[in-house]
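Me: Got a minute to go through this structure with me? Let's begin with the surface.
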Amino acid sequence: MKPVAFHNTVLRDGHQSMAATRMKTSQMLPAAPILDSMGFRMLETWGGATIDTSLRFLGEQPFDRVRELRKAAPKTPQGMLLRGQNIVQYKCFPDDVVELFVKCTADAGIEVFRIFDGLNDPRNLAPAIAAVNKAGKVARGEICYTTSPTHTVEAFLKFAGELKEMGCAEIGIKDMSGVITPRVAAELVGGIRKLTGLPVTLHSHETAGLAAASYVAATDAGATAIETSITPFANGTSQPDTLRMLALLDGNPRQPTFDRKKLAELREYFTKVYKELAAFTAHANEVVDSDTLVYQVPGGMLSNFRVQLKDMGMSERIDEVLAEIPHVRECLGWAPLVTPISQIVGTQAMLNVKFGRWKNFSPAAMDIVLGNYGRTPAPVDKEVLALAEKISGKSPMTTRPADSLKPNVENLRKQLAEKGLPTTDEAVVLYAMFPVEYEKLIKNPGSIVDPAAAKTPAAAPASAAPAPRPAGRHQRLQITVNGKTSEALVEEVH
Ligand code: CO
């Protein structure tokens with residue numbers, strides 16, 4: 001058997017999970033040649049929240065990072081995380097924008113595209129997969145892992161089969177909440193390999209303390225690769241550390257060989273960078289948080305949720321609200337608790353407890369019920385659907401969400417020309433997603449769009465509840481209850 005391959009995430013998920021995605025290209029470049037010489041099968045460098053933070057907080061041209069890393073680390077393929085039809089945003093984009101984004105990204109130097117949809121709706125993945133194949137790059141279809149009565153191993157295997165049919169060259173299991181257990185990891189990896197014959201990668205987070213053990217189980221079940229990071233951008237809410245993973249595979253016939261002296265050098269270098277990013281790191285991210293396992297909600301969601309409940313004067317009812325979450329999830333077709341769905345589900349659970357079940361129906365929850373985010377994993381509750389139709393006056397969407405969107409690339413190019421901004425393909429796709437931030441960056445190169453937010457450290461605990469994790473890993477969501485609007489932080493998908 002071949003050694004299990006390691007992918008390294010320190011240049012993307014590592015700092016997204018541990019330092020609010022604030023690592024600059026200049027902080028990556030000194031480590032790139034060492035990372036390139038190690039024998040990692042892939043370096044994850046881009047996508048997720050990196051493009052948003054490059055524009056908004058770092059004053060960097062996002063595509064330049066890919067090109068510079070390509071020069072500094074030419075041997076190892078670079079990978080990115082792509083949110084299917086949402087690209088690297090939270091809303092749905094027309095197919096032509098998705099295709100152009102993939103083309104630009106492939107041209108810049110990304111070889112592997114990890115493509116996912118929060119609802120695991122294949123229709124939200126197909127255009128991106130096709131575009132990656134057209135560009136001659138690797139489409140790695142990701143299965144978003146979550147637990148619910150509908151999310152059985154069989155259901156995930158069926159989805160893996162669909163990903164292969166749609167043209168994925170590899171399959172990834174994306175366990176963003178870090179809740180996959182070693183037993184399930186082994187069953188899924190073994191099952192997907194047998195069914196598809198494709199390379200399988202497990203991507204998990206050490207948030208609840210399960211990831212490294214699940215990686216060992218996945219290795220024994222024949223996973224092609226597992227994804228690790230480098231301490232201190234490792235463990236906790238990030239991927240397990242590379243050296244730690246090597247030790248856990250000691251004596252395992254699939255243990256790979258890595259130069260431990262170079263790993264020590266990398267650790268020393270990234271410790272320096274971690275200190276430079278101290279404003280964005282938090283002890284809460286560094287530790288294993290078993291609350292995730294007790295409450296069956298992602299750790300980041302729980303810590304923010306406590307703050308939100310306090311805001312609504314409902315701190316003492318947290319147990320009732322948490323108990324209501326499975327009911328809401330079931331009514332919403334067991335949507336996975338990933339951004340932005342996690343916060344929508346949490347808020348609806350809170351409303352149900354405060355006002356009675358479905359007496360106060362949030363518009364965002366209604367959107368999920370009406371299919372505006374895509375097809376839910378299981379059918380939505382009939383009575384809740386009837387209520388949503390009655391309140392909104394709309395029928396459920398039965399087509400793919402992007403089917404209602406017209407091609408927009410040439411229109412965007414015209415808008416850029418009118419504003420006197422660049423009209424290149426890269427400009428078009430960045431402007432499509434981040435119009436305000438892109439325009440500010442071009443008009444004032446090197447500037448930081450939002451200097452206050454760029455320097456915001458982790459919030460101090462307002463009560464006995466744990467502090468929310470630092471901004472930047474989060475999106476802000478406005479929630480209005482009986483005329484009172486509060487702002488909730490929504491945990492980033494990574
Ligand atoms: Co991740």
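Reply: Accessible areas here come from the Shrake-Rupley method with a 1.4 Å probe; for residues, only the protein chains shown count as cover. The model is predicted: local features need pLDDT of at least 70, side-chain atom pairs count only at pLDDT 80 or more, and totals for chains, interfaces and linings use all residues. Residues are numbered from 1 along each chain as its sequence is written, and side-chain values use heavy atoms, with hydrogens and water left out.

Me: OK, how much area does the chain expose?
Reply: About 18,700 Å². Carbon and sulfur atoms supply 54% of that.

Me: And what share of residues is buried?
Reply: 61% of the 494 residues. Buried means under 20% relative accessible area, exposed over 50%, partly exposed in between (1.4 Å probe, protein chains only).

Me: Cysteines next. Is Cys168 buried or exposed?
Reply: Cys168 counts as buried because its relative accessible area is 4%. Cys92 is at 25%, so Cys92 is partly exposed.

Me: How many disulfides?
Reply: Zero. A disulfide would be a pair of cysteine sulfur atoms within 2.5 Å.

Me: Secondary structure: how many helices and strands?
Reply: 23 helices and ten strands. They are DSSP runs numbered from the N terminus: helices are H or I, at least four residues; strands are E, at least two.

Me: Which residues of helix 6 are buried?
Reply: Val97, Val98, Leu100, Phe101, Val102, Cys104, Thr105, Ala106 and Ala108.

Me: What follows helix 6?
Reply: Gly109, with a positive phi near 135°.
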